[in-house]
Amino acid sequence: MPEDVGESAAGRWRRKLLDLLSRNLSVVVLALLCLISSVATWREQNPITSRSGAAVARQVLEACPAPCSVLVVARDTEADRVFARAIEEGLDDSGVRIAGRVFGQPRDVRLELERLAGLDGSLDAIATHRIASDWGPVRSAGARVFSPRSYYWPTFLTPRNLLNVVNQNADIAIIALGMTLVILTAGIDLSVGSLLALAGVIAAVAAQEWFGGAAASPAGLLAAMLLGVAAAALGGLLSGTMVTAFRVPPFVATLGLMMLARGLALILAVGHQRRLVGGGAEGTPEAVRVDATAFAWLGNGAVLGVPNPIVLMLVLFIAAHVLMTRTMFGRYVYAVGGNVEAARLSGVPVTAVLLAVYCLCGAFTGLAGIVDASRFEGGRPNAGELYELQVIAAVVVGGASLAGGRGRIAGTLIGAMIIAVIQNGLNIAGVASYEQKVVFGALILGAVLLDRLQPKIASRRARMTRGSTPTPVQ
Amino acid sequence: MLELHRISKSYPGVDALRGVSLVVGAGEVLGLVGENGAGKSTLIRIVSGAERPDGGRIEFGGETAAFASPAEARERGIAVIHQELSLVPQLSVRENLFLGAGWSRRGIVRRRWEEREARRLLGLLELDIDPDARCSELSLGARQAVEIAKALALEPRLLILDEPTAALSPREARALLRQVRGVARRGAAAIYISHRLEEIEAVADRVAVLRDGELVRSIDRHEPAGGGDRRLPLDRDALIEAMVGRSLSMEFPPRLPQAIGEPRLEVLGLSAGSRVRDVSFDIRRGEVLGLAGLVGAGRTEVARMISGAMASDGGEVRLDGRRLDLRSPRQAIRSGICLLPEDRRGQGLVLSRSARDNFALPNLDRFRRWRGLVDRRREGRAFSRWREQLDIRLSSPGQRAATLSGGNQQKVVIARWLERGARVVLCDEPTRGIDVGARYEIYEWIRRIASEGKSVLLISSELEEVLGLSDRVLVMHEGRIRGEIADPASADPAGVLRIAAGIDRSEGPSVA
């Protein structure tokens with residue numbers, strides 16, 4: 001059956017383009033947001049990195065060939081030291097003499113200059129960065145000052161910022177993966193914020209009290225973390241049981257669990273504090289600190305320069321994507337969400353699918369919880385407050401329908417990134433947090449409105465399509 | 001009161017109404033009967049303003065009427081009571097009675113007036129119902145009566161009742177019929193639609209029979225002398241003749257020469273409350289067993305219980321002599337019992353997913369690679385094989401099921417069970433909402449499935465279809481099997497309908 005009877009080629013392309021755009025609307029929105037953020041953060045850039053250090057070294061070599069003595073000035077920070085090391089490496093073996101190094105304040109520069117003057121050596125150049133080049137002692141030293149040339153570039157688009165944006169929202173994105181499954185079955189899980197806190201606190205308490213505290217072995221820490229994840233998964237299973245066996249609406253079941261889990265997290269944290277202080281001391285719901293330094297690796301370490309939370313997020317994303325698009329389970333989830341009765345009559349084990357979905361959502365939340373705990377080197381009983389709303393927003397913005405059956409894992413990842421980018425863009429642009437709330441509210445309303453309008457758009461499109469094709473003769 | 005002149009209406013491929021002319025007078029009840037698809041619902045939709053006729057003229061209360069919407073028809077005094085109730089269960093009777101607009105004074109409820117008026121309306125119908133009772137606490141019959149009271153509150157000039165007794169017990173149904181007569185006595189006109197001829201006999205002053213969109217018979221029961229509520233007895237046989245007609249317009253594929261084998265599926269004493277009572281039968285290998293009966297006779301429930309979709313109160317099902325434990329559709333499917341549900345869109349397909357996904361849904365274990373991964377190549381190959389065999393017309397395998405025509409949707413469901421290797425296929429209204437061309441193809445497939453040695457249970461409200469396609473037909477009436485027809489090809493449709501309507505108990509020499 002020819003599909004394109006009575007339609008011009010241009011019309012067909014236009015329809016295809018519109019189709020593609022409307023189907024990948026969230027990608028378009030994300031790209032637009034990145035563009036806006038880039039334009040809004042177009043600033044003079046003075047990066048203090050090893051690259052800019054090497055650039056300064058090249059400047060010195062060009063303008064002041066050997067023999068030449070150079071003072072390297074930087075502040076006493078990690079980035080400055082990397083920067084200074086890069087300058088020195090750039091000047092190695094060139095015959096340029098490093099007269100001295102300063103890591104500190106303008107005062108330290110003055111002292112170093114005085115020391116050098118006492119040594120009777122001439123100083124030809126000072127190599128430093130943009131900030132220190134404005135210091136009084138540097139300017140009045142009588143030597144040529146070299147600093148990296150500044151350039152214009154969107155602050156938003158610097159690798160550091162981008163990694164930061166994703167890293168800070170990795171936990172939201174991880175939970176959103178689980179939430180997508182729940183929402184696909186036309187359910188909702190309000191307990192994720194509390195389960196995140198509970199998982200973190202349980203992992204921290206276990207690490208401190210059962211697996212040896214400061215002396216905990218990596219295996220012990222891993223066990224503690226797994227315990228946290230298992231607790232959250234168990235919480236999800238409880239919601240799932242309420243929803244399937246007792247037909248409690250998901251909203252209510254998970255609302256109950258939300259309060260229950262938060263309470264448990266607080267009780268555990270306070271109990272730990274009491275045991276720490278001893279006796280009948282008043283416990284406070286403070287974070288449960290983990291002394292073993294390895295505990296912080298998951299949240300703060302990096303693999304090949306990519307922060308661990310991002311690595312974990314990507315791995316989980318791929319796993320969830322494969323699960324939902326390639327496996328029987330994924331098909332079952334979509335079927336249950338699309339039409340539960342048709343799914344049941346087709347032999348789909350509806351109860352088991354729903355249980356697994358809530359349990360998985362809990363497990364994802366638990367993973368996010370230990371990432372959070374690791375990042376703060378301890379379990380915070382107040383962590384994750386209002387996360388459920390951010391997570392639901394991410395899923396909805398990512399194109400999933402709250403009515404179930406429609407939504408994609410990739411969409412959710414993009415939804416989470418959209419929210420992260422807006423937050424970051426507003427922060428860099430200096431928008432206050434109150435105004436940010438307004439923007440977020442409007443965003444969520446817009447996404448839901450789009451979700452409501454989509455069937456209408458789709459039906460109009462279908463009508464267009466049907467109008468252009470002859471009714472199939474049967 | 002209402003006069004219809006040569007009303008016609010056609011939908012793509014179907015002439016739903018062909019020049020129907022009808023008159024309903026004030027104080028008169030018109031009984032409207034006809035088989036499924038005869039055009040009754042279309043007629044009601046046109047009279048109540050939900051649809052506009054393609055041709056013809058409607059006069060209502062002496063003037064020409066062209067209602068733009070149901071709301072306008074309601075304003076003009078036409079009230080429709082549907083089979084499904086429209087009451088809010090959480091509200092009281094009184095609140096439901098005056099739920100619509102226009103009863104309050106500037107948005108403030110006139111409670112005293114409502115209480116008085118509610119009592120008056122309920123009194124009119126001689127109902128002993130507390131106006132402050134919550135509707136959810138009332139029996140179905142009482143709720144149906146409240147529905148009528150609600151319609152009466154509008155003081156309609158024409159009351160239309162569409163299968164109002166489907167969910168009622170016989171006693172409740174009798175009370176309802178009295179109420180309809182009462183409405184007529186007070187000068188309103190009424191149109192009463194029902195499959196149940198005894199109800200028509202009890203309530204109607206005149207009976208109109210629709211068949212294939214035409215008014216084929218009109219029976220006037222008024223006593224010539226004008227004897228009030230006394231009416232001439234109704235000739236039910238004549239009515240049934242008129243409904244069935246003589247035209248076997250449909251063509252059926254020939255029964256292939258085949259050996260009908262051993263009993264495959266045995267059903268013993270299956271029951272479900274008052275809807276299915278002690279139903280026993282068997283289906284043999286290679287046999288198409290038809291299940292005829294009126295809507296609500298319990299046929300769908302029988303199929304749903306066998307397929308594990310609905311729990312039974314008692315009885316057992318045996319497959320090849322082995323007793324089955326049918327607690328879920330999943331188990332039934334594993335044993336090879338597959339259901340083509342009557343509500344294809346609501347129960348058969350996940351409309352938001354593709355045709356291929358819907359085909360694969362119960363068959364995913366056959367396309368499994370390892371750890372639940374779906375082998376999409378094998379899945380695609382299987383689907384394209386059946387797509388070709390069944391001639392399923394798609395733009396691509398990924399086309400969403402919602403956008404398929406009814407025939408193609410049904411073929412997707414059939415393909416799904418053929419791939420599954422079903423041993424027993426339960427077809428519940430397999431051609432409902434499917435046009436004539438695709439119908440024939442589905443008939444062919446039903447015959448073909450049987451000729452491969454499988455067993456088919458065929459439920460259809462279209463008598464011609466059951467008789468034309470089945471090797472043997474059982475007739476159900478009010479939850480029981482009331483007759484068996486061993487040779488459906490030469491059976492008299494009117495006789496079958498008489499059994500289904502509860503008039504006769506069995507048919508011909510082949511009494512079960």
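In this predicted model, B:R284 counts as partly exposed because its relative accessibility is 32%, a value between the 20% limit for buried and the 50% limit for exposed. B:R284 belongs to strand β12 of chain B, which covers residues 276-284. Along the chain, B:R284 and B:P263 are 21 residues apart, yet 3.8 Å separates their C-alpha atoms.

Another residue of chain B, B:D375, is found in the loop between α12 and α13. Is B:D375 buried or exposed? With a relative accessibility of 14%, B:D375 counts as buried, because the limit for that class is under 20%. The side chain of B:D375 comes to 3.2 Å from the backbone nitrogen of B:R377.

The two helices on either side of that loop also take part in an aromatic contact. Over all chains, the structure contains 4 aromatic pairs. One of them joins B:F359 and B:F383, with 5.2 Å between the ring centres and 45° between the planes, and the pair is tilted. B:F359 is in helix α12 of chain B, residues 355-360, and B:F383 is in helix α13 of chain B, residues 376-390. With these positions 24 residues apart, the pair links distant parts of the chain. Both B:F359 and B:F383 are buried. Which residues make up the aromatic cluster that includes B:F359? The cluster is formed by B:F359, B:F367 and B:F383.

Rings also meet charged side chains here. In chain A, A:R380 is placed over the face of A:F376, 3.9 Å from the ring centre. In chain B, the charged end of B:R110 lies over the ring of B:W113, at 4.4 Å from the centre of that ring.

The next topic is enclosed space. How many cavities of 30 Å³ or more are there? The count is 5. The largest cavity has a volume of about 140 Å³. It is lined by 14 residues, and those closest to its centre are B:E35, B:G293, B:L294, B:S461 and B:L497. Two elements of chain B, β13 (288-293) and α17 (493-500), give two or more residues to this lining. The largest share comes from α17(B), with 3 residues. By type, the lining of the largest cavity consists of 8 nonpolar, 5 polar and 1 charged residues.

The second largest cavity holds about 60 Å³ of space. Its lining draws on residues of chain A, namely A:R331, A:Y334 and A:A335, and on residues of chain B, namely B:V350, B:R353, B:D357, B:N358 and B:L361. The elements that supply two or more of the lining residues are α14 of chain A, residues 328-338, and α12 of chain B. Which element gives the most to this lining? That element is α14(A), with 3 residues. The lining of the second largest cavity divides into 4 nonpolar, 1 polar and 3 charged residues. Helix α12 of chain B, which contributes here, is also the helix that holds B:F359 of the aromatic pair.

Pockets, unlike cavities, are open. The second largest pocket has a volume of about 940 Å³. Its lining has 27 residues, and A:N46, A:P47, A:I48, A:T49 and A:Y151 lie nearest the centre. In chain A, the elements giving two or more residues to this lining are α3 (50-63), α4 (78-91), β6 (151-154) and α7 (159-168). The greatest contribution is that of α3(A), with 6 residues. The lining of the second largest pocket comprises 11 nonpolar, 8 polar and 8 charged residues.

Two loop residues remain, each described by its backbone angle. A:A186 is not a glycine, but has a positive phi of about 65°. This residue lies in chain A, in the loop between α8 (170-184) and α9 (192-210). A:A186 counts as partly exposed because its relative accessible area is 40%. In chain B, B:E429 also has a positive phi, near 50°, and is a residue other than glycine. The loop that contains B:E429 runs between β17 (424-428) and α15 (436-451) of chain B. Why does B:E429 count as buried? Its relative accessibility is 7%, and buried means under 20%.

Terms used: Residues are numbered from 1 along each chain as its sequence is written. Chains are lettered from A and ligands numbered from 1 in the order in which they are written. This is a predicted model: local features need pLDDT of at least 70, side-chain atom pairs count only at pLDDT 80 or more; totals for chains, interfaces and linings use all residues. Side-chain values use heavy atoms; hydrogens and water are left out. Rings of Phe, Tyr and Trp (its six-membered ring) pair if their centres lie within 6.5 Å; planes under 30 degrees apart count as stacked, over 60 as edge-to-face and the rest as tilted. Helices (H or I, at least four residues) and strands (E, at least two) are DSSP runs, numbered from the N terminus. Buried means under 20% relative accessible area, exposed over 50%, partly exposed in between (1.4 Å probe, protein chains only). A charge sits over a ring if NZ of Lys or CZ of Arg is within 6 Å of the ring centre and within 35 degrees of the ring normal. On a 1 Å grid over the protein atoms alone, a cavity is a set of points where a 1.4 Å probe fits but cannot get out, and a pocket is an open set with protein on both sides within 12 Å along at least five of seven lines; lining residues have an atom within 4 Å of a point. Grid points are joined across faces, edges and corners, and a volume is the space filled by probe spheres set on the points. Ala, Val, Leu, Ile, Met, Phe, Trp, Tyr, Cys and Pro count as nonpolar, Asp, Glu, Lys and Arg as charged, and the others, Gly among them, as polar. A polar contact is a pair of N or O atoms within 3.5 Å; within protein, one must be able to donate a hydrogen and the other to accept it, and residues adjacent in sequence count only if both atoms are side-chain atoms.
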